[in-house]
Amino acid sequence: SLARADVAIPVLFVGDAGAGQEDAALHLCKALLCTSLQAGDACGVCSACKMFDRDLSPDFLLIKPQGKANLIRIHQIESSKTPDDDEDSQPPLLEFIRVSPIQARNKVALIKNADRLVINAANSLLKTLEESPHDVRIVLTSHASGRIPQTIRSRCCIVPCAYRSDQTMDPAVLRLSAGTPDLAAFLSSETMLPFAQEFWNWIQSWTTRPRSQALKVSEEFAELCEKYHELLPDSKNRDVRTSRAEMFQFFANGIASRIRDGNDELIPALDAALFAHRAVIGNAQFNYLCDSFFTNFNAKSQVQ
């Protein structure tokens, strides 16, 4: 689904060290480069796949921590002064994405250990995550996602690797967080757990609502977004767009869990929810976005 998506959605793979997030990220990068996708996966035989396998793809950029401090610094994201340490010569991200793909379907950048981004590099990355060119895909990995600035995380589709199946975890928390440890801990708090349960129950009821109630459903979702924002301890100082984007992320996680239960008919709705997650970070009109989503992706008409 992520490899086929027409929208440039940044993807963040998270998990404990060794959980497989880097392998998963590389697998997605190859699929995003592939010019002949097979069932949503890289074909392995086109020129773009072969060049990627040989570490020679002109359309793939790997960014990882460097130097004695093991950090990702500003010069790796945008042109700046020469770093103090000797580094391998490669273009900064913003320069790399200015050129259209030479051989592959997209220009793809993989940022490994994104939790090692220094603050000015993270800030420089924000606009690119929010407004990537249509043929640019950004993939990130981390085994310490709690250290990644919230401004970065809120702009990404978060994909957990080897996510927890802790039997003591509330089902609503597991579904909405996709088992991501920091999100699960947040939603399990005394303040947020009742809301998580309410929202998960609402998502489940959404699959039974008729199309005639689409605008009512849209209104309810907007009200839930407002309630979520008001529950946050930093709500007075927080951009409401960030809270709305997080709600679309939770919503997408909930839809994804229903798909894992066998409701493949919801795959288009998942793609649309990921698009809405990205659009709301921009200046898309929120009420219009909600109305459009729930009118076009009426769950009852898709889940039989």
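Visitor: Let's start with C225: is C225 buried or exposed?
Guide: Keep in mind that this is a predicted model. The relative accessible area of C225 comes out at 2%. The cut-off for burial is under 20%, so with a value of 2%, C225 counts as buried.

Visitor: Which cysteine has the sulfur nearest to that of C225, and how far away is it?
Guide: A disulfide needs two cysteine sulfur atoms within 2.5 Å. C225 is in no disulfide. Its nearest cysteine sulfur belongs to C290, at a distance of 5.9 Å.

Visitor: And why does C157 have no bond to the closest cysteine sulfur?
Guide: C157 is another buried residue, with a relative accessible area of 6%. The closest cysteine sulfur to that of C157 is in C156. There's no bond because that sulfur is too far away, at 8.5 Å.

Visitor: How many disulfides turn up in the whole structure?
Guide: The two sulfurs of a disulfide have to sit within 2.5 Å of each other. Search the whole structure with that in mind, and the number of disulfides you get is zero.

Visitor: What does C43 touch, leaving out residues up to four places away in sequence?
Guide: First, find C43 in the loop between α1 (21-33) and α2 (47-53). C43 is buried, since its relative accessible area is 19% and the cut-off is under 20%. Leaving out those sequence neighbours, C43 touches C34, S36, Q38 and C49.

Visitor: How far apart in space are C43 and K30, C-alpha to C-alpha?
Guide: Along the sequence, 13 residues separate C43 from K30. In space, their C-alpha atoms are apart by 9.1 Å.

Visitor: Now the helices. How many helices and strands does the chain have?
Guide: The chain runs to 304 residues, and 52% of them are buried. Count up its helices and strands and you get 13 helices and five strands.

Visitor: Are α9 and α10 roughly parallel or roughly antiparallel?
Guide: Helix α9 covers residues 193-206 and α10 covers 214-231, with their axes 11 Å apart and an angle of about 165° between them. Angles over 145 degrees count as roughly antiparallel. So the pair α9 and α10 is roughly antiparallel.

Visitor: How do the residues where α9 meets α10 divide by class?
Guide: On the α9 side you'll find F195, E198, F199, W202 and W206. These meet V217, E220, F221, L224, K227, Y228 and L231 in α10. Sorted by class, the contact of α9 with α10 has nine nonpolar, no polar and three charged residues.

Visitor: Is the crossing of α10 and α11 left-handed or right-handed?
Guide: The axes of α10 and α11 are 9 Å apart, and the helices pack at an angle of about 120°. As for the hand, the crossing of α10 and α11 is right-handed.

Visitor: Which residues of α10 are in the contact with α11?
Guide: Start from the α11 side, where V240, S243, R244, E246, M247, F248, F250 and F251 take part. The buried C225 shows up on the other side. The full α10 list is F221, L224, C225, Y228 and H229.

Visitor: At what angle do α11 and α12 cross?
Guide: Helix α11 spans residues 240-260 and α12 spans residues 267-281, and their axes come within 8 Å. The two are roughly antiparallel, and the crossing is left-handed. The angle itself is roughly 170°.

Visitor: What does R241 touch, not counting residues up to four places away in sequence?
Guide: R241 sits in helix α11 and is partly exposed, with a relative accessible area of 25%. Its C-alpha is separated by 9.8 Å from that of A279, 38 residues along the chain. The residues R241 touches are E130, V280, I281, G282 and N283.

Visitor: One last oddity: what is the phi of D55?
Guide: Most residues other than glycine have a negative phi. D55 goes the other way, in the loop between α2 and β2 (60-63), where it is exposed with a relative accessible area of 71%. Its phi is positive, near 60°.

Key: Residues numbered from 1 in each chain as written. Predicted model: local features only at pLDDT ≥ 70, side-chain atom pairs only at ≥ 80, totals over all residues. Heavy atoms only, no water. Axes fitted to C-alpha atoms, helices over the stretch in contact; angles between N-to-C directions. Helix = DSSP H or I, 4+ residues; strand = E, 2+ residues; numbered from the N terminus. Parallel < 35°, antiparallel > 145°, perpendicular 65-115°, else oblique. Left-handed = near helix turned anticlockwise from the far one by under 90°. Buried < 20%, exposed > 50% of the residue type's maximum accessible area, 1.4 Å probe, protein only. Contact = heavy atoms within 4.5 Å. Nonpolar A, V, L, I, M, F, W, Y, C, P; charged D, E, K, R; others polar.
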